[in-house]
Amino acid sequence: AAVAASAGLAAGAGSIGVSLASSKIGRDSALNEANRDANEANGNADLPIREHATRVTVSGSHFDAASDIVLTSNAIESQKVSVTAASVSIAIGMGAAGAAAGLDVIIENHSLVEAISSNTSMKAAGSITVESNSDTEITDFGGNTMVGTATAVSGTAVAISVSLLTVNVANTSHADILSDEDNAASVEAGGDILVDATSLTKLTDLNGVGVTLAGGSYAAAGGGLDITLLVGNDVRAQIDLGNRARTVKAAGSITVNAFEDVDMSSNIANVSIAAAPIGLAVGAATMLSRHTSRVVSRIDQATVSGESVLVNAYGDLDITRTQGTGITVGAIAVVVNVSNAEARGLVKAEVNDAVVTASDAVEVKARYDAFVRAATFGVSAGLGAVGAMNASTQAGLGQDGDAHVNISGASELKGVRVTVSAEVNSDLFTATTVGGGGGFAGVGAVSRVDDDTTSLISVGAGTNVLATSVNIGASADRSTDGTADAYAY
């Protein structure tokens, strides 16, 4: 916090309050690539490319267990933040006062979680489990994530407040059973085989408050806030033995499952007031919530047999709130808010160059659920009042399938029942409301809803399906709605 005061016929005062906060786990992708290049140059290409890694790796080994074999890797991260910047400047007299408050908060989470069996034969009388789990939560301490205030009072007063919050989550969760073509690795279980990769991400209650006040004969107040939330995880579960002659056998079920659950919510409240006969108040808020994760389950180059076989990829996204509220008051008052929420993830289930056999059911499934909300509200009051609200929700890559099942490489699917399904469920809503009052009022509200989601099933040439019943289906349940209201008085 910063405070300045002075008094006199021509007094002047100025204050600046700045708060910077940074919280990072792991490294971003650019640094990862630089680290990878350095490792390769030093002959250490197999080293993890991230400093923050939770890994279980088994390579070139042989396991024989009288009970179960379990490879599991689990990482939990929690980051909480609350930052405040305040600036007050008062000049008693006919002088000038200026106050500025600034906030810049950066939070990153890049966690590598892997459970990998490579070139290793595993045999268990019980079950075999290869499992990875990444769990990240980023939130505030129970109040507001960031608060910026600037107050200036004098004959001529200027107050400015700017607050920025950026959150970037890009975790990796991999569960793999792998082998290359030159190794005769095999996997056999008397019970079930589970290859499971999970990623949970919660970015909730990330809120910003800005208050800017300027008072005097001449006054100008400007307040700006920006919140950007980015989630782009890499979730993968796979069996790839490098040769379809290599076998994976279970007396029970075989499940290859990749799952992601993402929750995102953020809110901005911004107030700018210029209390003066001649005053300008400007308030602006921008918000972006974007999801770009990849969730993939795969059986590749192997012969897999069990009582039942499930290849499943599921992504569940909830952007429950991307909301900005702005209020400006002055002789001339301007309020501008922009909110964008985007669901651009990919969920994919694949069988390539493989033989998949079950005594009961073979299922290959991909599902992407996206619940997306964006809203802006604004009020401007003065002799001249201007307001502009713009909000959009978007879903879909606008290309191949967002929920995609791909059967390729002359694969074979054999079972009593063979089910292949791709499913998209999207629910998008956008709302904008703006009001302006005074001698002159000009206001506008724009709401945009774009749904380009696609569910896609691709069955390549040479595929052989042998079953009592075969069900191949792509489905989409899309809901879109929006409102835009503008009031001028």
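In the predicted model, V211 is placed opposite V271 of strand β19. This pairing belongs to a parallel arrangement in which strand β15 (residues 193-215) is joined to strand β19 (residues 253-275) by 21 bridges. Strand β19 is in turn joined to strand β23 (residues 308-329), again by 21 bridges and in parallel. Within this second pairing, V262 faces L317 of β23. In a regular strand, side chains alternate between the two faces of the sheet.

The largest nonpolar core comprises 82 residues, and V167, I239 and V405 have the most contacts inside it. Strand β27 gives the most to this core, contributing seven residues. When neighbours within four places in sequence are set aside, V167 is in contact with I107, I138, L203, L206, T228, L229 and L230. A second core, separate from this one, has 13 residues, among them A99, A101, A219 and A274.

Nonpolar residues also occur on the surface. L213, I273, I327, V329 and V379 make up a nonpolar patch there, with a combined accessible area of about 330 Å². Of these residues, V379 is located in strand β27 (residues 361-381). V379 counts as partly exposed because its relative accessibility is 44%, a value that falls between the limits of 20% for buried and 50% for exposed.

Side chains of opposite charge can pair when their charged atoms come close. The model contains 13 salt bridges. In one of them, the side chains of D353 and R244 meet at 3.0 Å, N to O. D353 lies in the loop between β25 (346-352) and β26 (355-358), and R244 in the loop between β17 (234-240) and β18 (247-250), so this pair ties together parts that are 109 residues apart in sequence. D353 is buried, at 19% relative accessibility, whereas R244 is partly exposed, at 23%.

Another salt bridge, also with an N to O distance of 3.0 Å, links R417 and D360. Because R417 is in strand β30 (residues 412-437) and D360 in the loop between β26 and β27, parts 57 residues apart in sequence are tied together. R417 is partly exposed at 39% relative accessibility, and D360 is partly exposed at 29%.

R373 forms a salt bridge with D427, with the closest N and O atoms 3.1 Å apart. R373 lies in strand β27 and D427 in strand β30, so the pair ties together parts that are 54 residues apart in sequence. R373 is buried, with a relative accessible area of 18%, while D427 is partly exposed, with 26%. In addition, R290, E342 and R344 are joined into one network by salt bridges that share partners.

How values were computed: Residues are numbered from 1 along each chain as its sequence is written. This is a predicted model: local features need pLDDT of at least 70, side-chain atom pairs count only at pLDDT 80 or more; totals for chains, interfaces and linings use all residues. Side-chain values use heavy atoms; hydrogens and water are left out. Patches are made of residues with over 30% relative accessible area and no salt bridge: like charges are joined within 9 Å, nonpolar side chains (Val, Leu, Ile, Met, Phe, Trp, Tyr) within 5 Å. Accessible areas come from the Shrake-Rupley method with a 1.4 Å probe; for residues, only the protein chains shown count as cover. A salt bridge is a side-chain nitrogen of Lys or Arg within 4 Å of a carboxyl oxygen of Asp or Glu. Helices (H or I, at least four residues) and strands (E, at least two) are DSSP runs, numbered from the N terminus. Buried means under 20% relative accessible area, exposed over 50%, partly exposed in between (1.4 Å probe, protein chains only). Two strands pair if DSSP finds at least two bridges between them. A nonpolar core is a set of buried Ala, Val, Leu, Ile, Met, Phe, Trp, Tyr and Cys residues joined through side-chain atoms within 4.5 Å. Contact means heavy atoms within 4.5 Å.
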